[in-house]
Amino acid sequence: MSRTSYDRFLTVFSPEGRLYQVEYAFKAITGSGHTAVSVRGKDTSVVITQKKVPDKLIDASSVTHLHGITPSIGCVMTGLTADAKAQVFRAQQEAADWRYKYGYEITPDALARRLANINQVYTQRAGMRPLGIAMILIGIDSDYGPQCFKLDPAGYFVGFHATAAGQKQQEAMNHLEKKWKKLHNGKGADDPAGASKALSRDEVIEIAIEAMSTVHATDYKPGEVEIGIVSTSEDENPKTRGVWRVMSEAEVEHHLLAYAEKD
């Protein structure tokens, strides 16, 4: 077998120990043309992503990268849209099975672990291919408060205080790391968890918008971004407290204006 043909098979390692098909799945994420950012604070987790409508005739309300999985867990999907829909449907099934079996809603970390295990199997069996998507999962855990997890096509998942996925992932991560160092009176680098726990609802939303605007060097209009939020903050409407929801355009505009005025 020639060295160049190791990428024909999902299950065959190259002599350097690489699985090329899995690496190509990561390329599908960065090649999607979208970026998503997630930040979590004291009582709030938020995700923000670009909303691109490719055709004037498409109904913009039917285009979204934000999906609800349980009442208190939602996600942003970056990568191939059809793969994303399949993964979200599977996540909803797993969450419903858990609810039926145990009588309470699945926690964000248990759902992330289950989906990561499924993704890992896709890298191991020849009968299927890895999904070309990165999923950022946010939710409220009754014991640990707001949560944020990122899953990749290789089946790796880990919790974050702030993270990004997609086309400008590295630039956004660099920006968030610099931002985190300045938090908590400049102690954010030494105590990232403490810095995260000091962030209010509005600060979390502002950091997410700032990261998105900075890496794309764009002042976004309300229809060009989507924001999903789960918050137990006093500032959140009591009816939606602790519940995953997608912000309305009017609310997105309010936060974009607040960020623009701060600049």
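Okay, let's start with a residue pair: Ala36 on strand S1, residues 35-40, stands opposite Thr49 in strand S2. One thing before I go on: this is a predicted model, so please hear everything as a description of that model.

That Ala36–Thr49 pair belongs to a longer ladder. S1 and S2, the latter being residues 44-50, pair in the antiparallel sense, with five bridges between them. Getting from S1 to S2 takes a hairpin of three residues.

What is on the other flank of S1? There you find strand S8, residues 162-166, also joined to S1 by five bridges and also antiparallel. If you want one pair to click on, take Thr35, whose bridge partner in S8 is Gly166.

Zoom out and you get the whole sheet. In what order do the strands come? The order is S8-S1-S2-S9-S10, an open sheet of five strands with antiparallel pairing. S8 and S10, the latter just residues 245-246, are at the edges with a single partner strand each, so each of them has one side without a neighbour in the sheet.

Back to S1 for a moment. Is it buried or exposed? Buried: six of its six residues are, so the strand is largely enclosed by the rest of the structure. And that goes for both faces. Thr35, Val37 and Val39 are buried on one side, and Ala36, Ser38 and Arg40 are buried on the other. Yes, that includes the arginine, Arg40.

Now, the core. As a general point, nonpolar side chains in soluble globular proteins tend to be buried together. Here the largest nonpolar core has 43 residues, and the members that touch the most others are Val37, Val39, Val46 and Ile48. Who else contributes? At least two residues each come from S1, S2, S5 (133-141), S8, H4 (169-186), H6 (201-216), S9 (225-231) and H7 (249-262). H6 is the top supplier, with eight residues.

Ile48 is a nice place to see this up close. Leaving out residues up to four places away in sequence, its contacts include Thr35, Ala36 and Val37, then Ala208, Ile209 and Met212, and also Val225, Glu226 and Ile227. Apart from that big core there's another one, of 22 residues, with Val88, Leu115, Leu131 and Met135 among them.

Next, empty space. How many cavities of 30 Å³ or more turn up in a search of the whole structure? One. The largest cavity holds about 40 Å³ of space. Lining it are Thr64, His65, His67, Met77, Gly79, Leu80, Thr81, Ala84 and Lys85. Strand S4 (73-79) and helix H2 (81-102) are the elements that give two or more residues to that lining. The largest share is from H2, which gives three.

On to aromatics. The whole structure has five aromatic pairs. The one I'd show you is Trp98 with Tyr104: ring centres 6.0 Å apart and planes at 90°, so we call it edge-to-face. Trp98 and Tyr104 also form one aromatic cluster together with Tyr102. How accessible are the two partners? Trp98 is partly exposed at 23% relative accessibility, and Tyr104 is partly exposed as well, at 44%.

Last stop, a bit of backbone oddity in helix H4. Have a look at His184, which lies in that helix and has a positive phi of about 60° although it isn't a glycine. Then go to Asn185, also in H4, again not a glycine, with a positive phi of about 55°. What about their accessibility? His184 counts as partly exposed, at 35%, while Asn185 is exposed, with a relative accessible area of 76%.

So, to pull the main thread together: S1 pairs with S8 and with S2, both of its faces are covered, and two of its valines, Val37 and Val39, are among the residues that touch the most other members of the largest core. That's the part I'd keep on screen while we talk. Over to you.

Conventions:
Residues are numbered from 1 along each chain as its sequence is written. This is a predicted model: local features need pLDDT of at least 70, side-chain atom pairs count only at pLDDT 80 or more; totals for chains, interfaces and linings use all residues. Side-chain values use heavy atoms; hydrogens and water are left out. Buried means under 20% relative accessible area, exposed over 50%, partly exposed in between (1.4 Å probe, protein chains only). Helices (H or I, at least four residues) and strands (E, at least two) are DSSP runs, numbered from the N terminus. Two strands pair if DSSP finds at least two bridges between them. Rings of Phe, Tyr and Trp (its six-membered ring) pair if their centres lie within 6.5 Å; planes under 30 degrees apart count as stacked, over 60 as edge-to-face and the rest as tilted. A nonpolar core is a set of buried Ala, Val, Leu, Ile, Met, Phe, Trp, Tyr and Cys residues joined through side-chain atoms within 4.5 Å. Contact means heavy atoms within 4.5 Å. On a 1 Å grid over the protein atoms alone, a cavity is a set of points where a 1.4 Å probe fits but cannot get out, and a pocket is an open set with protein on both sides within 12 Å along at least five of seven lines; lining residues have an atom within 4 Å of a point. Grid points are joined across faces, edges and corners, and a volume is the space filled by probe spheres set on the points.
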